[in-house]
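Here are some exercises with worked solutions for you to try at your own pace. Have a look at the sequence and the model, then work through each task before reading its solution.

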Amino acid sequence: MPYIVYAVVVVLAGVIGLGFRGENRAQKYLPAAVISLCSFLTLIYLLWTFRWIEPDTVVRLINWQLPFAGMVAGIDPLSAFFLIPLLILAACCSLYGPRYFSGHPAGRSHWFFFGLLLSGMVMVLLARNGVLFILAWEIMSLSSFFLVITDKKNPPAMRAGWIYFVTAHIGTAFLLALFFLFAALSGSFDFVAWKGAQYGGGTADVLFIFALVAFGLKAGFIPFHVWLPLAHPSAPSHVSALMSGIMIKMGIYGLLRILTFIVPYHAWWGALLIALGGVSGVLGVLFAIGQHDIKRLLAYHSVENIGIILLGIGIGITGAAYGSNVIALFGFAGGLLHVLNHALFKGLLFLGAGAVIRQTGSGEIDNLGGLIKTMPRTALFFLVGSVAICGLPFFNGFISELLIYAAGITGAVHASSPALSIAGVAGIVSLALIGGLAAACFTKVFGIVFLGEPRTKTIGAPGDVPAPMVWAMALLAAFCIIIGMGSPFILPFLIRPALVLAGPAAEAVTDSITSLTMTVSVMLCSFVITAALVAGLVKVFLRKGRTVTRAATWDCGYSRPEPSMQYTASSFAAPIVDHFKIPLAAHKKILSDGKLFPGIAWSFHSEAEDWFLTRLYSPALELFDRLFASLRWFQNGKAGQYVLYIAITLFCLIVWKFFL
Amino acid sequence: MNALTFLVSPMVALMLSPLMAGVINRTKSVLAGRRGPSLLQPYFDLFGLFRKGIVYSTTTSWVFRVAPMIIFSTTLAATCFVPFLPTGRQWSFTGDAAMLLYLLGLARFFLILSALDTGSAFEGMGASREAFFSALAEPVMFVCLLNVMRANGAGTIAAALSAPIVSDSIAVLLTAIPLFIIVLAENARIPFDDPNTHLELTMIHEVMILDNSGPDLALLEYAASVKLWLFSLILARILLPASGLIAQTAALLILMALIAIAIGLVESFTARVRLIKVPQLLIGAGGVALLGFFISVSGILSSVKGI
């Protein structure tokens with residue numbers, strides 16, 4: 001399978017990078033160039049061969065002698081679908097990376113771990129055996145941990161890396177438990193056996209909950225999101241793009257893969273996912289509005305978008321459980337398409353944020369301003385990403401949200417089933433609120449960072465970023481527009497994976513999705529053409545011969561506006577943060593001298609801390625820490641003693657087996 | 001012919017929407033004991049603005065220049081989804097409600113950006129409020145449309161609005177009231193915003209377009225009146241009784257005039273609420289609309305009718 005060759009080659013590319021001594025051009029560019037090129041080629045191969053991918057093509061890689069662990073790999077439409085965003089992002093991020101680091105060297109190991117992360121993710125998608133899956137999962141978690149702590153001299157980055165490390169391994173613990181349960185129930189570690197086995201109602205519920213926790217900690221929906229806003233800002237921007245764009249989606253993939261084993265779905269799973277999705281979406285975007293660091297803000301938007309994906313999947317499950325093929329297909333297709341879309345626009349936004357940080361040296365939104373004048377290309381692509389992430393028409397985010405809306409509306413107007421109606425209206429209200437708040441958040445980001453005047457005089461970009469970084473962003477932006485305007489093109493890659501989840505019965509209603517996307521696409525294209533014509537007429541007839549004057553911003557007659565008089569991100573977000581201060585635990589800092597006539601310049605700052613971390617997890621973990629401290633004498637770090645424990649355990653088991 | 005009927009709605013909106021503002025202003029003048037401007041005054045204003053020159057702030061970028069055209073064209077595109085003629089076939093699909101509201105969302109996105117592009121604190125203030133209030137208004141609007149669709153068992157706006165639901169009085173009541181509140185909120189009317197002046201009383205919409213001038217300002221004002229027309233048309237369609245083509249069109253026009261008069265009455269007799277209270281008003285409207293939805297889902301009323 002070429003994908004396994006790809007997984008090996010990207011690791012080897014990183015190993016080449018390890019071999020160089022000292023700083024030189026080859027060390028800087030070669031590994032990234034190899035990874036980028038391979039990803040492009042594999043992507044083209046994947047898109048070309050997608051239609052011939054059969055549900056159960058399984059390859060045994062090595063006849064491994066370990067018990068249970070046949071190295072079984074395979075590809076089906078669901079895995080292949082997740083490979084698409086992976087390869088696109090891999091190509092763009094490795095194109096972008098080398099120049100991003102031109103200021104400070106990344107260290108030789110950077111591209112090694114980068115390649116390892118890609119390879120781990122590819123193997124997660126291809127694994128058809130529990131043990132191989134866990135191995136790949138661990139490679140993915142560990143290599144991304146090393147990428148997060150790229151900046152080892154930075155204490156917050158090290159702390160973020162540590163929190164990520166712990167969460168990832170709590171997730172792995174649940175994953176192990178889940179896979180042992182499956183193995184116990186089916187008698188094998190092979191996915192084929194898991195899919196074939198029968199699970200009782202209660203057993204399936206337990207399996208679902210374990211899968212939700214294990215994969216939820218990677219996907220990062222609330223309440224499992226705490227590592228996300230810490231890890232994403234600490235990593236280099238192209239790594240953030242990769243992690244936020246596709247690595248957290250591995251959690252979604254895992255959950256979906258488990259769902260295919262434990263059919264038929266129970267309706268309450270759908271309800272739970274809709275509830276989790278709604279809460280993650282709304283709280284995620286509210287937290288994002290309260291942030292002032294651009295990458296932290298984007299990280300919270302990942303929580304929001306995972307929420308939207310869950311809404312789609314939840315509505316899909318509910319539809320399938322109540323036997324509505326249309327709702328099931330639209331829900332799953334919308335959720336899956338949002339996986340791809342989020343990878344594209346979030347990758348684009350992280351790369352854009354990285355460009356801003358590289359050129360200005362600051363990710364603080366309140367310090368920036370007016371960058372559209374010095375960084376016009378970055379600004380244009382960031383605008384594309386901003387409109388797309390808000391789910392607005394003409395861009396890709398709209399199409400996936402529209403599919404989820406269509407599923408929700410079909411459910412809501414469904415006269416005979418109250419459950420479907422409630423699920424539908426819950427999904428629609430959450431999505432609408434998320435959409436509106438996301439628009440507020442991204443008008444804030446784009447408006448404050450790129451428009452107006454620089455808010456601090458010391459910060460100004462010397463110019464736009466180098467060409468390879470621009471190309472990487474341009475490519476992602478192009479995908480956003482292609483999917484947004486030409487949604488029928490994406491259907492061959494979307495419907496078959498959605499059918500894996502919605503069940504073969506839904507094949508009868510695939511026409512409805514085709515006709516919907518065709519109508520939408522035709523409509524959007526004709527709007528654009530008409531609008532372009534109108535704009536041309538306006539330019540010719542309305543603006544021709546007009547006197548065009550340039551003057552200072554009018555600002556109610558004040559003739560000497562200062563950059564510091566502009567609205568800041570804090571003030572823009574203040575009404576929203578104020579209104580939701582209870583769920584956000586937001587606090588304001590007003591620095592003033594309290595006098596009637598201020599002697600110093602007052603300053604205002606609002607912030608939303610993540611109370612899930614400070615008030616929920618930290619106290620709980622400290623409690624565990626104290627409890628387990630009493631067991632330190634047992635776990636004393638002496639290897640010899642641990643071997644003795646193993647021997648004693650075996651002895652006890654033998655006694656139990658043969659004497660009792 | 002069928003392919004072109006969807007153009008009827010935007011054409012009618014273009015022709016008649018400024019008249020609504022005229023009716024509102026006339027109502028307010030009469031109630032204040034003045035003669036008031038001509039009903040056609042909004043047309044003259046637009047015409048005058050289209051002939052003027054343009055002043056751009058040195059702070060602004062291309063975003064500020066393209067925004068008026070984007071706002072105007074997306075607002076007009078949104079009108080394609082709400083049928084004007086009862087028999088005219090609309091371009092529609094399941095989920096067109098999302099398309100309608102998100103097209104308006106795109107217009108709002110660029111309106112906010114163009115306000116922030118000027119670097120003016122006052123415009124930033126208006127932009128911030130617009131962003132917040134519209135985020136709260138959007139779900140309410142969705143639930144209102146869902147109520148109508150549910151009453152008709154249709155998944156598209158065109159189908160839902162083409163068949164009258166007046167017979168279902170509770171659904172009409174619990175949809176029309178929140179919808180009227182949304183009409184006021186989304187179009188920056190009293191009690192949410194005061195459209196009378198640019199500075200002293202206005203807090204949201206007029207604030208954001210302070211720096212626009214000439215044809216740009218005309219496009220923004222025109223887009224605002226098309227938006228008011230669009231929201232009122234949805235409301236009117238819900239309240240419309242069933243009848244033949246001519247009678248229905250006439251009834252629709254009368255209803256639109258009545259809605260304009262109602263807005264004028266509200267503006268004459270109420271004061272603008274404090275901005276801090278606006279979210280409560282919107283959440284209240286959402287509560288009423290959701291109540292309507294849940295009553296329909298629970299089937300309480302149909303069982304009562306059965307008796």
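## Exercise 1: a helix and its surroundings

H18(A) is largely enclosed by the rest of the structure, because 30 of its 33 residues are buried. Here a residue is buried if 20 or more other C-beta atoms, placed from the backbone, lie within 10 Å of its own, exposed if 12 or fewer, and partly exposed in between. Helices (H or I, at least four residues) and strands (E, at least two) are DSSP runs, numbered from the N terminus. This is a predicted model, in which local features need pLDDT of at least 70 and side-chain atom pairs count only at pLDDT 80 or more, while totals for chains, interfaces and linings use all residues. Residues are numbered from 1 along each chain as its sequence is written, and chains are lettered from A and ligands numbered from 1 in the order in which they are written.

Task: compare the end-to-end distance of H18(A) with its expected span.

Solution. Step one: the expected span is 1.5 Å times one less than the number of residues, so the 33 residues of H18(A) should give 48 Å. Step two: the end C-alpha atoms of H18(A) are 47 Å apart, which agrees. Step three: look just past the helix, where Gly452(A) follows with a positive phi near 75 degrees.

## Exercise 2: where the chains meet

Task: find which element gives the largest share of the side of chain A that touches chain B.

Solution. Step one: count the contact, taking two residues as in contact if their C-beta atoms, placed from the backbone, lie within 7 Å. Chain A gives 68 residues and chain B gives 62 residues. Step two: list the elements of chain A that give two or more residues to this side, among them helix H17 (396-412), helix H18 (418-450) and helix H21 (510-542). Step three: the largest share, 17 residues, belongs to H18(A).

Task: describe how E3(A) is joined to chain B.

Solution. Step one: strands pair if DSSP finds at least two bridges between them. Step two: E3(A) and strand E1 (residues 54-57) of chain B run parallel and are joined by four bridges. Step three: pick out one bridge, in which Val548(A) has Ile54(B) as its partner.

## Exercise 3: unusual backbone

Most residues other than glycine have a negative phi, and most peptide bonds are trans.

Task: locate the cis bonds at Pro223(A) and Pro191(B).

Solution. Step one: the bond joining Ile222(A) and Pro223(A) is cis, with omega about 10 degrees. Pro223(A) sits in the loop between helix H8 (201-219) and helix H9 (228-234) of chain A. Step two: in chain B, the bond from Ile190(B) to Pro191(B) is cis, with omega near 10 degrees. Pro191(B) is in the loop between helix H8 (169-186) and helix H9 (205-208) of chain B.

Task: is Phe394(A), with its positive phi, buried or exposed?

Solution. Step one: Phe394(A) is not a glycine, yet has a phi of about 80 degrees. Step two: place Phe394(A) in the loop between helix H16 (376-389) and H17 of chain A. Step three: Phe394(A) is buried, because 22 other C-beta atoms lie within 10 Å.

Task: do the same for Ala188(B).

Solution. Step one: Ala188(B) is not a glycine, and its phi is positive, about 55 degrees. Step two: Ala188(B) lies in the loop between H8 and H9 of chain B. Step three: Ala188(B) counts as buried because it has 24 C-beta neighbours inside 10 Å.
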